[in-house]
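Please find below a short note for a first-year reader, set out as numbered points. Each point takes up one part of the structure.

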Amino acid sequence: MKKFVLAALGGTVAGVILTTQIAAPLIAQEASRNANVYEQLDLFGDIFERVRGQYVEEVDSQKLIEAAINGMLTSLDPHSNFLAPKDFDDMQVQTRGEFGGLGIEVTQEDGFVKVVSPMDDTPADEAGVEAGDFITHVNGESVMGLNLDQAVEMMRGPVGSEIIITIVRQGVDEPFDVSIIRDTIKLTAVRSRVVGDTVVLRITTFNDQTYPGLEEGLKKSVEELGGMDKVNGFVIDLRNNPGGLLTQAIKVSDAFLDQGEIVSTRGRDPSNSERFNAAKGDLANGKPIVVLINGGSASASEIVSGALQDHRRAIVVGTKSFGKGSVQTVIPLRGDGAMRLTTARYYTPSGRSIQLLGVMPDIVVNQPRKDPNATPAEEPKSAVRAQTSEADLRGVLSNDSMSEDERKLLEEERARTEDSAKLRDEDYQLAYAVDILKGLAAVAPKP
């Protein structure tokens, strides 16, 4: 018994000595680290005073400090940055859905500004700017070497003024200039329409209007078709949607899921991880869904497409998405400004991180590129051709087995088929999505 106690005591003493021996260097290292931090801050103060006192021109101290803060944040990743009071106000306005500008979402890559996506029906969209384009010059001035905020500032200006941007596009040999007239950007977050028996929901951004717009548009289109029984499925078009509010992405996903995880976020501290789950209720009543994505579908768009894909609730069609799988938190600061800081990565229900990888469609469908310089003879031939048929022949026999109502239904079906064929010329990816739902409806068991 004594031996056991002594052995235990010896172990305790040894443990205390070992702890002291390890802790002392750790404390010393921490103190050394703190000393280095203070030395670096002193260095910053020295440089700040030198610049303020000796630079060739007088400089604004506030601008110097803001530039230093922004430099620190932008060195972390492309999405962290400092928001001066005006920029913070602009960002808050954008989430409400109306702001001035060109109508493009941009990021930075290889020192140039890269277009994530043009927004629907905006000056940039109408001028032909495409997702993946690189902007190298603004009004003849190179953006190389500028941070993203500085480059964006160059593109801002009064509504109605002209801006000329120089674009480098994959597949085009030479850079080319695009003239754009700045305008007030009014975003309609969701547009709905009916194509045949399919409801198409085009979601352009995730702002405060998105879920209410989705709910309203879906209801209106279903009523237009004569009720949910008449609907063969839904297309959720997320192409060139640069993302937006995480809360809205969760609501849109939840709208079509009855249960299960939608997305999880994992930060540096495991205790700050969050998981968001779907509540019961499916706006589509279990009808088939096709989600359309492309290289301009980013962030919140990838949350929605990833969630519906993992739950096998939708078929994802198009091309690989952008691959922005990080969460930014906007933190208000003293002086009415804010900082946007990357605080977490997000993961799809199956545990996939989308960061850099993007969402891969279940069915890859490329959108044929329209050549603006092509002559009519070089344009792709329409899928709807004027063909001679039996009905066009002189003296043709009538179909005496068909009633007037049946004839009317046949004509309506023919019109829908021709509309679908025209759609292939206008938007091949959307036509493909609609055809998938037609095929599913054709083989689905009758209720």
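1. Which residue lies over the face of Tyr347? In this predicted model, Arg266 takes that place, at 3.8 Å from the centre of the ring.

2. The next points concern aromatic rings. A pair of such rings is described by two quantities, the distance of the centres and the angle of the planes. The count of aromatic pairs in the model comes to two. One of them joins Phe44 and Phe48, whose ring centres are 6.3 Å apart and whose planes meet at 20°. Planes under 30 degrees apart count as stacked, so the pair of Phe44 and Phe48 is stacked.

3. The sequence positions of this pair deserve attention. Phe44 and Phe48 both belong to helix H1, which covers residues 2-54. Because they are four residues apart in that helix, about one helical turn separates them. Their exposure should be stated for each residue: Phe44 is partly exposed, at a relative accessible area of 41%, whereas Phe48 counts as buried, with 15% relative accessibility.

4. The other aromatic pair consists of Tyr428 and Tyr432. Their centres are 6.4 Å apart and the angle between the planes is 55°, and the pair is classed as tilted. Tyr428 and Tyr432 lie in helix H10 (residues 428-443), and since they are four residues apart there, they too are separated by about one helical turn. Tyr428 is partly exposed at 33% relative accessibility, and Tyr432 is partly exposed at 29%.

5. Phe48 also appears in the surroundings of Ser61. Ser61 is part of helix H2, residues 61-74, and is partly exposed, with a relative accessible area of 23%. Apart from neighbours within four places in sequence, Ser61 is in contact with Phe48 and Arg52. Along the chain, Ser61 and Phe48 are 13 residues apart, and 8.5 Å separates their C-alpha atoms.

6. How do helices H6 and H7 pack, and at what angle? The axes of H6 (residues 210-225) and H7 (residues 246-254) are 9 Å apart and form an angle of about 25°. Angles under 35 degrees count as roughly parallel, and the two helices are therefore roughly parallel to each other. On the side of H6, the contact is made by Thr210, Tyr211, Pro212 and Leu214; on the side of H7, by Gln248, Lys251 and Val252. By class, the residues in the contact of H6 with H7 are four nonpolar, two polar and one charged.

How values were computed: Residues are numbered from 1 along each chain as its sequence is written. This is a predicted model: local features need pLDDT of at least 70, side-chain atom pairs count only at pLDDT 80 or more; totals for chains, interfaces and linings use all residues. Side-chain values use heavy atoms; hydrogens and water are left out. Rings of Phe, Tyr and Trp (its six-membered ring) pair if their centres lie within 6.5 Å; planes under 30 degrees apart count as stacked, over 60 as edge-to-face and the rest as tilted. Buried means under 20% relative accessible area, exposed over 50%, partly exposed in between (1.4 Å probe, protein chains only). A charge sits over a ring if NZ of Lys or CZ of Arg is within 6 Å of the ring centre and within 35 degrees of the ring normal. Contact means heavy atoms within 4.5 Å. Axes are lines fitted to C-alpha atoms, for helices over the stretch in contact, and angles run from 0 to 180 degrees between N-to-C directions. Angles under 35 degrees count as roughly parallel, over 145 as roughly antiparallel, 65 to 115 as roughly perpendicular and the rest as oblique. Ala, Val, Leu, Ile, Met, Phe, Trp, Tyr, Cys and Pro count as nonpolar, Asp, Glu, Lys and Arg as charged, and the others, Gly among them, as polar.
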